[in-house]
Amino acid sequence: MFVAVAEACRPILAQRWAATQSIDAARDDRRVHYLSMEFLMGRALHNAVSALGVEGEIHALAGKRVLADWETLIDGERDAALGNGGLGRLAACFLDALAAREVPAFGYGLRYRYGMFSQRIESGRQTERADDWLRDGSPWEFFRDDVTYAVPFGGRVESELGRRVWHGATRINARAVDFIVPAHDSPRVATLRLWQAEAGEPIDYAAFSRGDYAGAAACAHEAEVLNWVLYPDDSTVAGRTLRLKQEYFLVSASIQDMIARHLAEGRDLAHFGRDNCVHLNDTHPALAPAELMRVLMDLRGLAWDEAWRITTEATSYTNHTLMPEALETWPVRLMAEWLPRHLEIIYAINQRFLDALRETPGADEDRVRALSLIEEGPERRVRMAHLAIVASHKVNGVSALHSQLMRRTIFAGFAALTPEKFVNVTNGVTHRRWLFQANPALAAAIDGALGEAWRQQPAQLASLADRAADAALKRTVRQVKRDNKVRLAHIIRQHTGIAVSPDSLFDVQVKRIHEYKRQLLNVLHVVARYLAIVERGEEPTVARTVIVAGKAASAYRTAKLIIQLIHDVAREVNSDPRVGDKLKLVFLPDYGVSLAERIMPAADLSEQISTAGTEASGTGNMKLALNGALTIGTWDGANIEMAEAMGPENMFVFGLKTNEVEDLRRVGYDPRLFAEQNRELAAVLDAIGNGRFSPEEPQRYRALVDHLLGADPYFLLADFASYMQAQRDTDALYAEGDAWTSRAIRNIAAMGMFSADRAIDDYQRLVWRRAGT
């Protein structure tokens, strides 16, 4: 039934795609090409049916029992495993907004066969399995057999007739597979073009004839593995090589496609930069400027200066991290082996850049080394973020604080050199998926209060704040929230066997498991609550259900240990008869878009508790607030702008600020002192470290606790007391009921400015320099 409905939508999508391409080919403005290693699209059926305006027909057929009921129909689709976390979900939101804002656009990514992984929990431990989302095919894919490009690897570079020529040792074909993203209020679409790797020859027939069947299939295997998984483990040489090849495969096919389309439209190659934006979503596609230079010079015969002018005119880059260790670098020897021509081009870019740098005032050799595209050391490495910055006409951060810190810390030297290059575009989310589709009852309640104009102009949500004291609206919002919590409670029971009360406060932390995101701080808080109930006999002000979900990278041992700790604590808390419904801890496995669409409408409290100065922006914070969850959070990322939009009094802010973290680190942070001065914290650490929650292996978490006491790089112990006070404040407000709902309405009202539509408008004006913006 799901396939039947999808097949009915396909021809309409195809017609809209053809009409959009025809209009865009005749445009006088720039086309945006958004390169990203991941696009976390989620399910497509609901979005397509909603955008095409056929929901009424589908519901009518379901009512006549021609089709299954709507929920069952939606659940027949698997999430597209093309992404993992916030980076991929942001890219997906932006495709939706590009269509809505009628921006000529292509997204470019890889057609992963197994995604990142499917998370399973076995005896409290995360295990990974292949996410075989394409097992039954996908009705949303449009195979473009006429769009194929050869991508070379390895080999050698030679000079021929005054031009450098790369003779690749192997070539893998990239075939286009399109995923169409429709606008909701117009016939426009955006295109996500995914690349499928295929061997130039399906088998080596000579090897096959010799009986070397493995050798005969080597070319096919080399191609196939490029599409297997997102972010293969790079702790081995083979893993690092695969990642580099994946990134280049994406970049090469995409650049070739852009240029082919540009020329097919009858446009001058000299105007490629004027007519096209090549946008890099983080450093993964940062080989794009080197590939564009190669194509323009080696294949199209342009001189260096002209090719560089076009490249810098076209290229822009979004940075998503403040952590130097997270900025991608590649060993020179690895690049020399697989991408020898690109290494030559990067060396040439670097030489010209450093020559110019040495001519600037105060440019000593320390500064030259700091800004060089090549990191010198025992193993020389190419700094991909530096390449992206030097080749881009604009570089943006993704929240006001992140952009400020980016200019002041990791990219301070570049910002001093070209301050006009650095801008901010705060992230945004698509309200079409995260409110209309995920929470239709709340959207209808807002319609009742404001009318429907806000659906096209989400900034109008701001006027909802004037209705925060409206008794009828508050009753409706409370009922919608409870209905969503009943639904989530059923899902929790189905997936974990744990019964939770929808009358408890649903406290939600859903995001990638990482030390800086501080799920461990949340666990410390749960243990403190538990000990207060069972050791001190305290009666909590309100019952609470703490819900955690997220994946840990397969090689990230500490993150996986935190997941195990969550399960061990949950086992004791949830089974202790002294606790009952007063406190529950739940971990929902295999977190993805579809599960998020169930969790976020049900959340009362949103945990956004990263160490100040570490989270670039966050978008889960926006989605949860849009669905009426109040935020408990640090002064970090987009939390700051959210607090400013709604008023800080409508958010539970706690913890050290960025400057205070820096000051404490500078004078010498001793986390053990915080534990010694706080009995509650000391008891929590003792309970975890001494095996209370892991009696079968008492030392299981000893190293985790010792690391907190001895180093605590993300300042959990320093923020613990403030965090616990903020949690007590949430209890007090939730107990009031009416006041909590008023504040929830103000949170929703403040989220209009955090729409992906606004973010795309900012990109057009500040980064992509499209006409009329």
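**Figure 1. Arg144 and the ring of Trp17 in the predicted model.** The charged end of R144 is placed over the ring of W17, at 4.1 Å from the ring centre. The structure shown is a predicted model.

**Figure 2. R261 over the face of F106.** In this second contact between a side chain and a ring, R261 lies 3.8 Å from the centre of the F106 ring.

**Figure 3. The tilted aromatic pair of F654 and Y723.** A search of the whole structure yields 20 aromatic pairs. One of them joins F654 and Y723 in a tilted arrangement, with 4.9 Å from centre to centre and 40 degrees between the planes. The pair connects distant parts of the chain, its two residues being 69 residues apart. F654 belongs to the loop between β22 (652-653) and α27 (658-667), whereas Y723 is part of helix α31 (residues 716-736). F654 counts as buried because its relative accessibility is 3%, under the 20% limit. Y723, at 0% relative accessibility, is therefore also classed as buried.

**Figure 4. The edge-to-face pair of Y734 and W740.** The ring centres of Y734 and W740 are 5.0 Å apart, and their planes meet at 85 degrees. Y734 has a relative accessibility of 17% and so counts as buried, the cut-off being under 20%. W740 is likewise buried, because its relative accessibility is 4%.

**Figure 5. An aromatic cluster that includes Y34 and W768.** Y34, F39 and F94 join Y763 and W768 in one aromatic cluster.

Technical notes: Residues numbered from 1 in each chain as written. Predicted model: local features only at pLDDT ≥ 70, side-chain atom pairs only at ≥ 80, totals over all residues. Heavy atoms only, no water. Phe/Tyr/Trp six-rings, centres within 6.5 Å; stacked < 30°, edge-to-face > 60°. Helix = DSSP H or I, 4+ residues; strand = E, 2+ residues; numbered from the N terminus. Buried < 20%, exposed > 50% of the residue type's maximum accessible area, 1.4 Å probe, protein only. Lys NZ or Arg CZ within 6 Å of the ring centre and 35° of its normal.
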